[in-house]
Structure formats: C-alpha cells, structure tokens
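Reader: Could you walk me through how this fold is put together? I'd like to start with the strands and work inward.

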Amino acid sequence: QGHLVESGGGLEQPGGSLRLSCAAFGITFKFALMSWYRQAPGKQRELDAYITPGGTTDYGNFAKGRFTISRDNDKNTVYLQMNSLTPEDTAVYYCNANGEHGHWGQGTQVTVSS
C-alpha cells in the first residue's frame, strides 16, 4: 500500500519562500502523475500544480509565476518551490499521486504572516 509523506511547511513572512517535499513509498513513482493541492480554512481543496511522468507541468491560478513543481525520480520525491508568498497562501498543502482516487499525503501546514 503506497503512501506519501510531505514536509517543509511552516511559518514564513510575506515575500518569503518555502520548499515543500513529498516522498513517495510503495508507488511506482516514475510513472505517477504528481500534484500539489492547497486547502485554506473554510475552503475547498484546490490544485496548485501537477507534473506528469514525462515532466510536463501546469499550475493553478494561485501558483502561476510564483511556484515551481519538480520531481526527482531517483529519490521518489516531488517538490513545490514557493516564492513571493502572501498571506493568501496560508493553507494546508497536500501531495497527491495519480489523481483524486490515488494516494494523498497527510498535509503540511503553511502559514504566511508577519
């Protein structure tokens, strides 16, 4: 049974950067569609970014121009580099493998506040 473990969240000031990591276990990672979602308090979960097995990426509106998703197939890890953070980025960030009915991580809290 596969699972995902996120790390890298925390408290950051507006304008700062964070890098989230998601390590995959028990999943054929190199063939997996990997995604990052966010869920802000009181809101639905939203897609921030995805990366295909071939390395094609796309981003949600919140992430475009500020966030970068990448993957390291040797380490079975996907990353989300988040720059120019704003308080609106405060959310729990979830890693996902292979879509809604695939695997989800437990989430990592990101708080952007001065």
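Author: Sure. One term before we start: two strands count as paired if DSSP finds at least two bridges between them. Also keep in mind that this is a predicted model.

Reader: How many bridges join strand 2 to strand 11, and which residue stands opposite glycine 10?


Author: Strand 2 covers residues 10-12 and runs parallel to strand 11, with three bridges joining the two. Within strand 11, the residue opposite glycine 10 is valine 110.

Reader: And which residue of strand 9 stands opposite valine 110?

Author: Strand 9 runs antiparallel to strand 11, and three bridges join them. The residue that stands opposite valine 110 is alanine 91.

Reader: Which side chains of strand 11 are buried?

Author: In a regular strand, side chains alternate between the two faces of the sheet. Strand 11 does alternate: Gln109 and Thr111 point to one face and are not buried. Pointing to the other face, and buried, are Thr108, Val110 and Val112.

Reader: What about the open sheet of four strands: which are its edge strands?

Author: The order is 1-3-8-7, with antiparallel pairing. The twist averages 15 degrees from one strand to the next. Six bridges join strand 7 to strand 8, with serine 70 opposite tyrosine 79. Pairing on one side only, the edge strands are strand 1 (3-7) and strand 7.

Reader: Which residues touch the most other members of the largest nonpolar core?

Author: That core has 27 residues, and strands 3, 4, 5, 7, 8, 9 and 11 each supply at least two of them. Tyrosine 93 touches Trp36, Leu80, Met82 and Val110, among others. Those touching the most other members are Met34, Trp36, Val78, Leu80, Met82 and Tyr93.

Terms used. Residues numbered from 1 in each chain as written. Predicted model: local features only at pLDDT ≥ 70, side-chain atom pairs only at ≥ 80, totals over all residues. Heavy atoms only, no water. Core = buried A, V, L, I, M, F, W, Y, C linked by side-chain atoms within 4.5 Å. Buried < 20%, exposed > 50% of the residue type's maximum accessible area, 1.4 Å probe, protein only. Contact = heavy atoms within 4.5 Å. Axes fitted to C-alpha atoms, helices over the stretch in contact; angles between N-to-C directions. Lists of a residue's contacts leave out its neighbours within four places in sequence.
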